[in-house]
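Please walk me through this structure, starting at its surface and moving on to its charged pairs, its interior and its backbone.

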Amino acid sequence: MKKNIFYKYQFFIIIAAIFFSFYLLGFNYIKPTNVDWFNSKDLPVYQIGWNYFRDDIWRFPIGSNPNFGIYYQGSIVHSDSIPLFAIFFKIFNKFLPSNFQYFSLWILLSIYLQLFFSFKIIYKLSNKLIFSLISSLFFCISTILINRVGIHLALFGQWIILSAFYFEINQNKNKLLNRNIITILSILINFYFTIMIVLFYIFQDTYDLFKREISLKSLIVESFITLIFVLSSMYVVGYFTINLDDGFSWGYGFYNFNLNSFFNPLGSNNFEVFNWSLFLPIQQYQNGEKEGFSYLGISGIIFLFLFLWNLFYKKYEIFYSNQKLLFISILFIILAMSHKLNFGKVNILTIPLNDYIYLILSSFRASGRLIWPVYYLIFIFGIIFIFKSFKNKSPSLIISLLLLLQIIDLYPGLIKYKLGSQYEYISRDNEIKDDIWNNLSNSFDQIRLLEPQNNSRIFHKMSKYLQTENFKKTDVSYLARVNRESIEKEKYNLVKFFNEKNLDIFNKTIFISDNENYVRNLRYLYGESLNYYYADKLWLISSYDIKEKNSSKKKKIAKYNIINLDKKNSINFRNEHSQIAGLGWNNSDHKSGNIMEGYLSTILFKISGKNCQTKSLIKLDIEKFYKNLLPIELTLILNKNQKEEIILDSNQEFVFEFNCKLNNINTIDINVKNPKSLFDLKRSLSRVKRSIILNSITISN
């Protein structure tokens, strides 16, 4: 009998999983060799991360992926490439086609497991096959599930939450073992699931401790064992390839849950915003509360009201006591809301947080996602409530009508995902098109940024291109977490190498930039030692002459003039924001002048005619970036031979006499002994080291 039931529900689940997979992916995107759908927002990161991981040697930790990000010290975890699948398929890499992707298989498996565990939960609580099969479909068309299939593929694996529910409801003797297996699986998928599952266990055990159903000793022992398993697994997979504090990030209190999220059908994908409901209007939310999107649908709202009604009248205790279910749900809701209680556009309450508490909570910055366990608990409770209430009156018919009502209501949202509509590619003007890019990886091992930065505009422009080329290493990347300190060190090292006119760093490496001022200054340092090309609004710089391979298309070589203090004997950087003095400066803050970043910066300028004399005077208007810090020690080297030591205490003007180079490039190298970052000052996690602001430069004789 049990074997017969097994075949029946497995047949139903497999057919349903295949159907929904084709619905969400279409007949093209479901192919493991089709990578055309990784084309917007975060989607390319997943495939590019996998490409670099599969082509690399095996390392330890096994998830290490240093070639995608080079000095970012990332792993397959940090590109959200689903470590569970990445590690598995890397074993068979030699047998896989070059354009292989496993994400369509992941979607198929996730739908199957979503149906499987939801069926097992409902069947465990109802013992009715047809009722359970119909009920499992609610979880397959879940708004929070489908919403993620077009945005965050790893977070489509919400079956892991249901698996945790199932084994807890099942009350298996191997409770601790099951918990640890599920937790390790969540680590291999996405750390947000780990947070949800561990919190679910903690909330349960805390309640049971208060009720004296478990002892404090057993709780401590089990928690310690789980902690060892969690930390060990995270280490082996590669979570700790970056520093612990690099796991903290901005966003807690911004990407949160709004009190109207259960009733707000405002959804979105990478291309558009839309209404998920046929019956309810879109409501407003604040900030990044789309991360807390959790529209229940009409039937889900009915289940929610049944849940609330049952709390008052205590008609049923379905799988937990009502108090325990309420306790778990309230704690998740509080954490999902963060320290800001919002209803629509109205902020009802904001609780001030200690900086250190905020820092810890920022490890799950998108706190709105923590509402997902509550979402699924509402559906489980509501479905079983219907079963118990209509146990002798065709519960399968009632649940079928509610499922139909849910589908009708969610139709406007579901249709947005028909046959892979969420991946439809829209051609953009800012993508790579010029043929100069073709097969560059045959000539260069690395493609790098002149100004290292995670998640730069250049990455999003080049993401599709990076999937087609085969560079061995790149720092043109976008990782969820990076080693912030390493990025800044590399940025400052490049400034040092460029000022030394080091050519070794260009060996088998092509640099790219969208900053013409930076390229201009680089050109005047290296002269004709390098080649400069302009294509698709990007600069390509190399020591290898790409033009030889592309003689049919002559590229625009950089000819931008450097700062000229002859035509204009003074440059005010506060007013002329397009001007950058040289390398090592940042002018992104339009309220300031040129901000010095790192230990070394240069000022490059030309003087000709009467303003350039043997004894010329140059005046620098400089101020401290951090006003309240101790005086800053600066060393200025004029034209590589004249050294001046100064101590900057406030906003000051410094006048120097120097030997001007007629019609040549004049340089001022500025060295700062100990620049500070906000991290050094314990104000934020930013590692950008800053010291002074250059407001203006004036020349006179």
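The paragraphs below take up these topics in turn.

The model is a predicted one, and the surface offers a convenient place to begin. Phe60, Leu227, Leu231, Tyr235, Val236, Phe240 and Leu244 together make up a nonpolar surface patch, whose accessible area comes to about 680 Å². One of these residues, Leu231, belongs to helix 10, which covers residues 216–237; with a relative accessible area of 39%, Leu231 is classed as partly exposed, because that class covers the values between 20% and 50%.

Phe60, another member of the patch, also takes part in a feature of the backbone, since the peptide bond that joins Phe60 to Pro61 is cis, with omega at about 0 degrees. Pro61 is placed in the loop that runs between helix 2 (43–55) and helix 3 (83–91). The loop between helix 2 and helix 3 also holds Asp80, where phi is near 55 degrees, a positive value in a residue other than glycine; Asp80 is partly exposed, at 23% relative accessibility. A positive phi, near 60 degrees, is found in Asn127 as well, again a residue other than glycine. Asn127 sits in the loop between helix 4 (103–126) and helix 5 (129–140) and counts as exposed, because its relative accessibility is 53% and the exposed class begins over 50%.

The charged side chains come next. Side chains of opposite charge can pair when their charged atoms come close. Across the whole structure, 20 salt bridges are found. In one of them, Arg59 meets Asp56 at 2.5 Å, N to O; the two partners fall into separate classes of exposure, Arg59 being partly exposed at 31% relative accessibility, whereas Asp56 is buried at 10%.

A salt bridge also joins the side chains of Arg179 and Asp205, at 2.8 Å from N to O. Arg179 lies in helix 8 (residues 175–187) and Asp205 in helix 9 (residues 191–210), so this pair ties together parts that are 26 residues apart in sequence. Both Arg179 and Asp205 are buried.

In the pair of Lys416 and Glu272, the closest N and O atoms are 3.4 Å apart. This salt bridge links distant parts of the chain, 144 residues apart: Lys416 is in the loop between helix 15 (395–414) and strand 5 (446–449), and Glu272 is in the loop between strand 1 (266–268) and strand 2 (273–275). Lys416 is partly exposed, with a relative accessible area of 25%, and Glu272 is likewise partly exposed, at 35%. Elsewhere, Arg148, Glu291 and Arg369 are connected in a network of salt bridges.

What does a search of the whole structure find in the way of cavities of 30 Å³ or more? There is one such cavity, and the largest cavity has a volume of about 50 Å³. Its lining consists of Asn258, Ser261, Asn264, Leu266, Tyr285, Glu289, Gly292 and Phe293, which by class are three nonpolar, four polar and one charged residues.

Finally, Asp649 is in the loop between strand 16 (642–648) and strand 17 (652–658), where it counts as partly exposed, at 46% relative accessibility. The C-alpha atom of Asp649 is separated by 57 Å from that of Phe327, and the two residues are 322 residues apart along the chain.

Conventions:
Residues are numbered from 1 along each chain as its sequence is written. This is a predicted model: local features need pLDDT of at least 70, side-chain atom pairs count only at pLDDT 80 or more; totals for chains, interfaces and linings use all residues. Side-chain values use heavy atoms; hydrogens and water are left out. Patches are made of residues with over 30% relative accessible area and no salt bridge: like charges are joined within 9 Å, nonpolar side chains (Val, Leu, Ile, Met, Phe, Trp, Tyr) within 5 Å. Accessible areas come from the Shrake-Rupley method with a 1.4 Å probe; for residues, only the protein chains shown count as cover. A salt bridge is a side-chain nitrogen of Lys or Arg within 4 Å of a carboxyl oxygen of Asp or Glu. Helices (H or I, at least four residues) and strands (E, at least two) are DSSP runs, numbered from the N terminus. Buried means under 20% relative accessible area, exposed over 50%, partly exposed in between (1.4 Å probe, protein chains only). On a 1 Å grid over the protein atoms alone, a cavity is a set of points where a 1.4 Å probe fits but cannot get out, and a pocket is an open set with protein on both sides within 12 Å along at least five of seven lines; lining residues have an atom within 4 Å of a point. Grid points are joined across faces, edges and corners, and a volume is the space filled by probe spheres set on the points. Ala, Val, Leu, Ile, Met, Phe, Trp, Tyr, Cys and Pro count as nonpolar, Asp, Glu, Lys and Arg as charged, and the others, Gly among them, as polar.
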